[in-house]
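Q: I am new to this structure and would like a close look at one part of it. Please choose one buried charged side chain, show what surrounds it, and then work outwards.

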Amino acid sequence: MSAITVIYTTTGFVLAADSLQVGSDGSRDLSAQKIFPAGDPDSTNMAYGLAGTVRIISDETGETQIDFLPEMKMLMEQLVNRQMRGGLLALMNAVAGTLQGRLQHILDTDNSFVLPPTPGKSTGDGSPDSIVSLLFCGYPSSGTPEFGAVTLMHQSQKLLEPVVQTFALGLGGLQGFVSKTIADGLFNPASQSYHHKGLRRYRTFSQEIPAARSLDDALELAMAYFAACNDPQVRKLDEGHCDSVGGNIVAATITPTGKFQWISSAKIHSFAEKFRVP
């Protein structure tokens with residue numbers, strides 16, 4: 001599972017992701033894009049991200065059988081204006097239903113199609129497998145901030161009902177597809193991992209009060225998290241998650257008035273330098 005961070009502030013969201021993508025055949029791409037504007041970036045104030053097995057590749061032919069990146073781009077262009085009035089839950093249900101139908105059609109018509117296990121999971125334990133997870137955040141209706149996710153799952157090659165859920169927003173805190181152990185180690189003094197000495201250098205935040213954090217403060221938090229995941233001392237806390245994180249970081253802001261805006265690579269680099277291990 002990739003790392004996609006979501007940090008909500010009083011002025012908007014900061015969404016950030018790494019660029020490592022692992023295909024169902026084990027191939028590794030360090031230039032993958034995982035976060036996107038929902039529709040036209042000049043007019044939308046919604047964003048989404050993808051984690052998990054984004055591309056399913058045939059073991060027999062080596063050809064791509066489904067790629068969720070173009071599937072989602074086309075789907076969001078079709079749905080974002082039509083479903084936005086119903087709020088985030090309506091949009092996510094429409095996305096889940098459409099993608100589930102697409103997977104079922106391939107299963108019914110292509111005998112070589114094999115649904116992948118959860119990335120990084122030990123095989124054969126009989127538990128459900130996560131295929132791909134989709135994260136959504138922004139202001140889908142009436143300027144109200146919302147955050148939610150869709151997960152497509154299967155068990156023994158039979159599709160399960162998609163998991164569609166919204167989440168309460170934690171002002172100035174780290175949310176998204178992240179390692180709970182590492183996130184708690186950075187932000188939760190009550191957690192056991194908070195006392196891990198390797199995490200101390202990543203807790204030097206400019207603004208310690210979550211509710212007072214700005215968009216720049218939120219970017220700083222995101223970069224602290226990604227830097228921690230790449231620290232050899234810290235990654236031992238959650239090797240499975242950290243192994244799925246790599247490459248450059250891409251980030252964007254979503255605000256009620258400024259819409260979706262990419263954050264420059266120069267600005268991301270300047271924040272990353274603060275946490276760079278010598």
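A: What follows starts at one residue and moves outwards in steps.

First, a caution: this is a predicted model. The values below are computed from it.

Start with Asp 18. Find it in the loop between strand 2 and strand 3. Is this residue buried or exposed? Asp 18 has a relative accessible area of 1%. The cut-off for buried is under 20%, so Asp 18 counts as buried.

Now look at what its side chain reaches. One partner is the backbone nitrogen of Leu 20, at 3.2 Å. Another is the side chain of Lys 34, in a polar contact of 3.0 Å.

The pairing with Lys 34 is also a salt bridge. The closest N and O atoms are 3.0 Å apart. Why does this pair tie separate parts of the chain together? Lys 34 sits in the loop between strand 4 (28-29) and strand 5 (35-37). Asp 18 sits in the loop between strand 2 (12-17) and strand 3 (21-22). The two parts are 16 residues apart in sequence, so the salt bridge ties them together. Lys 34 is buried too, at 5% relative accessibility. The general idea is simple: side chains of opposite charge can pair when their charged atoms come close.

Asp 18 has other neighbours. Set aside residues up to four places away in sequence. Asp 18 then touches Ser 2, Ala 3 and Ala 32, among others. Its contacts also include Phe 226, Ser 244, Val 245, Gly 246, Asn 248 and Ile 249. For a sense of scale, take His 269, which is 251 residues from Asp 18 along the chain. The C-alpha atoms of the two are separated by 13 Å.

Ile 249 leads on to a pocket. Ile 249 touches Asp 18, and it is one of the residues that lie nearest the centre of the second largest pocket. The others named there are Met 223, Ala 227, Asn 230 and Ala 272. In total, 20 residues line this pocket. The space inside is about 370 Å³.

Which elements build the lining? Helix 4, strand 14 (250-255) and helix 6 each supply at least two residues. Helix 6 gives the most, with five residues.

Helix 4 and helix 6 are also joined by a charged pair. Asp 216 and Lys 267 meet in a salt bridge, at 2.7 Å from N to O. Asp 216 lies in helix 4 (residues 215-229) and Lys 267 in helix 6 (residues 265-274), so the pair ties together parts that are 51 residues apart in sequence. Asp 216 is partly exposed, with a relative accessible area of 36%. Lys 267 is partly exposed as well, at 32%. Compare the first pair: Asp 18 counts as buried, and so does Lys 34.

There are other salt bridges to find. How many does the structure hold? The count is 10. One of them joins Glu 239 and Arg 235, with the closest N and O atoms 3.7 Å apart. Glu 239 is partly exposed at 35% relative accessibility, whereas Arg 235 is buried at 17%. These two residues belong to a network of salt bridges that also links Asp 243.

Next, the cysteines. The structure holds zero disulfides. Cys 137 is in no disulfide, and the nearest cysteine sulfur, that of Cys 229, is 19 Å away. Cys 229 is also in no disulfide. Its nearest cysteine sulfur belongs to Cys 242, at 4.1 Å. A disulfide needs the sulfur atoms to be within 2.5 Å, so the 4.1 Å pair does not count as one. Cys 137 is buried at 0% relative accessibility. Cys 229 is buried at 0% too.

Finish at another loop, between strand 10 (144-155) and strand 11 (158-159). Ser 156 is found there, and so is Gln 157. Ser 156 has a positive phi of about 55°, although it is not a glycine. Gln 157 has a positive phi of about 70°, and it is not a glycine either. Ser 156 is exposed, at 63% relative accessibility. Gln 157 is partly exposed, at 31%.

Notes. Residues are numbered from 1 along each chain as its sequence is written. This is a predicted model: local features need pLDDT of at least 70, side-chain atom pairs count only at pLDDT 80 or more; totals for chains, interfaces and linings use all residues. Side-chain values use heavy atoms; hydrogens and water are left out. A salt bridge is a side-chain nitrogen of Lys or Arg within 4 Å of a carboxyl oxygen of Asp or Glu. Helices (H or I, at least four residues) and strands (E, at least two) are DSSP runs, numbered from the N terminus. Buried means under 20% relative accessible area, exposed over 50%, partly exposed in between (1.4 Å probe, protein chains only). Contact means heavy atoms within 4.5 Å. A polar contact is a pair of N or O atoms within 3.5 Å; within protein, one must be able to donate a hydrogen and the other to accept it, and residues adjacent in sequence count only if both atoms are side-chain atoms. On a 1 Å grid over the protein atoms alone, a cavity is a set of points where a 1.4 Å probe fits but cannot get out, and a pocket is an open set with protein on both sides within 12 Å along at least five of seven lines; lining residues have an atom within 4 Å of a point. Grid points are joined across faces, edges and corners, and a volume is the space filled by probe spheres set on the points.
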